[in-house]
Amino acid sequence: MPFSHFGLKPEILRAIQKAGYTRPTPVQAAAIPKVMQGNDVIAIAQTGTGKTAAFVLPMLDRISKAGGERDIKALILAPTRELAVQIMENIRNYGQSLPIRVAAIFGGVEEEAQIKALRKGVHIVVATPGRLIDLGARQKLDFSQLEVLVLDEADRMLHMGFLPDIEKIVSNLPKRRQTLMFSATLSKEVESLARRFLYQPKMVQVGKRSNPAETVNQCVYEVPAHLKGALLLELVRQPSYKRVLVFTRMKDGADRLTNFLKLAQIKVAKLHSSRSQEQRLKALQDFKDGVIQVLVATDIVARGIDIDGVTHVVNYDFPVNPEDYIHRIGRTGRAEAQGDAISLVPKQDLNLLGILEFAIGQRLDRKRLRGFDYHAPIPAPLPGEKAPRQDWRKRTREANARKQAKPADSAPRNAAKKRRA
Ligand code: AMP
């Protein structure tokens, strides 16, 4: 079904054409007609499937027909600031020819600009739940004219502990409204949220539950932990690794890896929750613009963030649970483009790999990089880096070597021991 069959306003169709979309993605084809009919909808769709447009396009259509007052007509709740900004950009893009105003409300930056935007009057608010409650309490946000509520990445919001905030926010919204819920997975908690906040919802489910996007080639490099950095470096030096998103488990791991790659002259930036909002947005922008080749991130960006043309996602640290894996690798192979997801798995993480393979019902390809020395010794620590384990190993190796070099030393002692016994 082409976009023109949905009954969207010509201004919206023009924006879609400008974006270069020739046909709706499966989640759009399934969800848009149901949303246009005014139904509550729960859509189970992974990021990268075009789900944002699936709710933004019909929402813009509805709001632009609703009249010119600058009342808040729609509220979109999203788990992270990055996702909120991205949704806002999508709304501005798809609604570029419509007189619709949108504001994003999220923590980590000065409130002033956000308050100013709200005072001028907006039709759509995109917000993370925490900051919305903070601001709403003081600014008395008026949601009395609200028509549409969207809960985006609902599973993620629940996972992040936003349920009490969501409950508080929804309790202040008009009961008669259209509620749309998007989630990558359909867990019991998501179902329960849907039962409480949605009215006779229509269900849209695209693809298999919890399965990685089919456009992603997945493989595993089994590699000793101390050689993960060296292997990653060899990989990103290959010409096909144009835009590489690397995930680490911890912030300090992201810091160390970024320094390591920087020293090797790789254009790299890092993105994690200890970075300021400005630093995070700049890193994302540089990555989008191709100023940097590698972005090292913790799971903060694993969900929802839309970066076009990510050629490779690398699990430098293997994710602890399958859901995170699915979301991480969903950052590549978006909207029909092919992408690669690579996991560097040391022995101690093979159990996690086994759990993942069981969960997705698929054994991932094992690969080896030709010419790479998988038996190389532990490299010297980076400048300024503490390496107690490496020192310990080095000392043990040296002590063993000394022992082997002087076998005569130990013989008389052993002989004496034996004699005493
Ligand atoms: P999302 O799942 O909403 O994060 O969207 C993933 C990517 O798909 C974004 O880069 C969108 O611009 C793109 N996209 C959305 N709808 C379409 C479409 N119908 N055709 C091609 N690309 C699309």
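How many of the 421 residues of the protein chain count as buried, in percent? The figure comes to 51%. Keep in mind that this is a predicted model, so everything below is read off computed coordinates.

**The overall picture**

The protein chain's secondary structure adds up to 16 helices and 14 strands. If you take the contacts between residues at least 6 apart in sequence, 76% of them join residues at least 24 apart. One example of separate stretches coming together is an aromatic pair, so let's go there next.

**Rings and charges**

Searching the whole structure turns up five aromatic pairs. One of them is Phe55 with Phe182: the ring centres are 5.0 Å apart and the planes sit at 55 degrees, and because edge-to-face needs over 60 and stacked needs under 30, this pair counts as tilted. Phe55 belongs to helix H3 (residues 51–65) and Phe182 to strand E6 (residues 178–183), so the pair ties together parts that lie 127 residues apart in sequence. Both partners are tucked away: Phe55 is buried at a relative accessible area of 0%, and Phe182 is buried at 1%.

Another pair is Phe372 with Tyr374, which is edge-to-face, with 5.0 Å from centre to centre and 80 degrees between the planes. Phe372 and Tyr374 are both buried. Tyr374 has a charged visitor too, as Arg368 lies over the face of its ring. Elsewhere, the charged end of Lys228 sits over the ring of Tyr316. Here are the two charge-over-ring cases side by side:

| Charged residue | Ring | Distance to ring centre |
|---|---|---|
| Lys228 | Tyr316 | 4.6 Å |
| Arg368 | Tyr374 | 3.8 Å |

**Helix H13 and what surrounds it**

How do helix H13 (residues 322–329) and helix H14 (residues 350–360) cross? Their axes come within 9 Å, at an angle of roughly 75 degrees. That makes H13 roughly perpendicular to H14. On the H13 side the contact is made by Pro322, Tyr325 and Ile326, while H14 brings Ile355, Leu356, Ala359 and Ile360. As for the spacing of such residues, an α-helix has 3.6 residues a turn, so residues three or four places apart point the same way.

H13 is mostly covered, with seven of its eight residues buried. The buried ones are Pro322, Asp324, Tyr325, Ile326, His327, Arg328 and Ile329. H14 is just one part of the cover, which also includes helix H7 (154–159), strand E8 (216–222), strand E9 (244–247), E12 and strand E13 (339–345).

**Asp299, a buried acid in a loop**

Two of those buried H13 residues, Asp324 and Arg328, turn up again around Asp299. Asp299 sits in the loop between strand E11 (294–297) and strand E12 (312–315). Is Asp299 buried or exposed? Its relative accessibility is 18%, and since the cut-off for buried is under 20%, Asp299 counts as buried. Its side chain makes a polar contact with the side chain of Arg328, at 2.8 Å. Leaving out residues up to four places away in sequence, Asp299 touches Arg156, Phe247, Thr248, Asp324 and Arg328.

**Glu69, an exposed counterpart**

Glu69 is another acid in a loop, this one between H3 and strand E2 (74–77). With 56% relative accessibility, Glu69 counts as exposed. Its C-alpha atom is separated by 9.9 Å from that of Gln145, which is 76 residues away along the chain.

Note on methods. Residues numbered from 1 in each chain as written. Predicted model: local features only at pLDDT ≥ 70, side-chain atom pairs only at ≥ 80, totals over all residues. Heavy atoms only, no water. Phe/Tyr/Trp six-rings, centres within 6.5 Å; stacked < 30°, edge-to-face > 60°. Helix = DSSP H or I, 4+ residues; strand = E, 2+ residues; numbered from the N terminus. Buried < 20%, exposed > 50% of the residue type's maximum accessible area, 1.4 Å probe, protein only. Lys NZ or Arg CZ within 6 Å of the ring centre and 35° of its normal. Polar contact = N/O pair within 3.5 Å; in protein donor to acceptor, adjacent residues only side chain to side chain. Contact = heavy atoms within 4.5 Å. Axes fitted to C-alpha atoms, helices over the stretch in contact; angles between N-to-C directions. Parallel < 35°, antiparallel > 145°, perpendicular 65-115°, else oblique.
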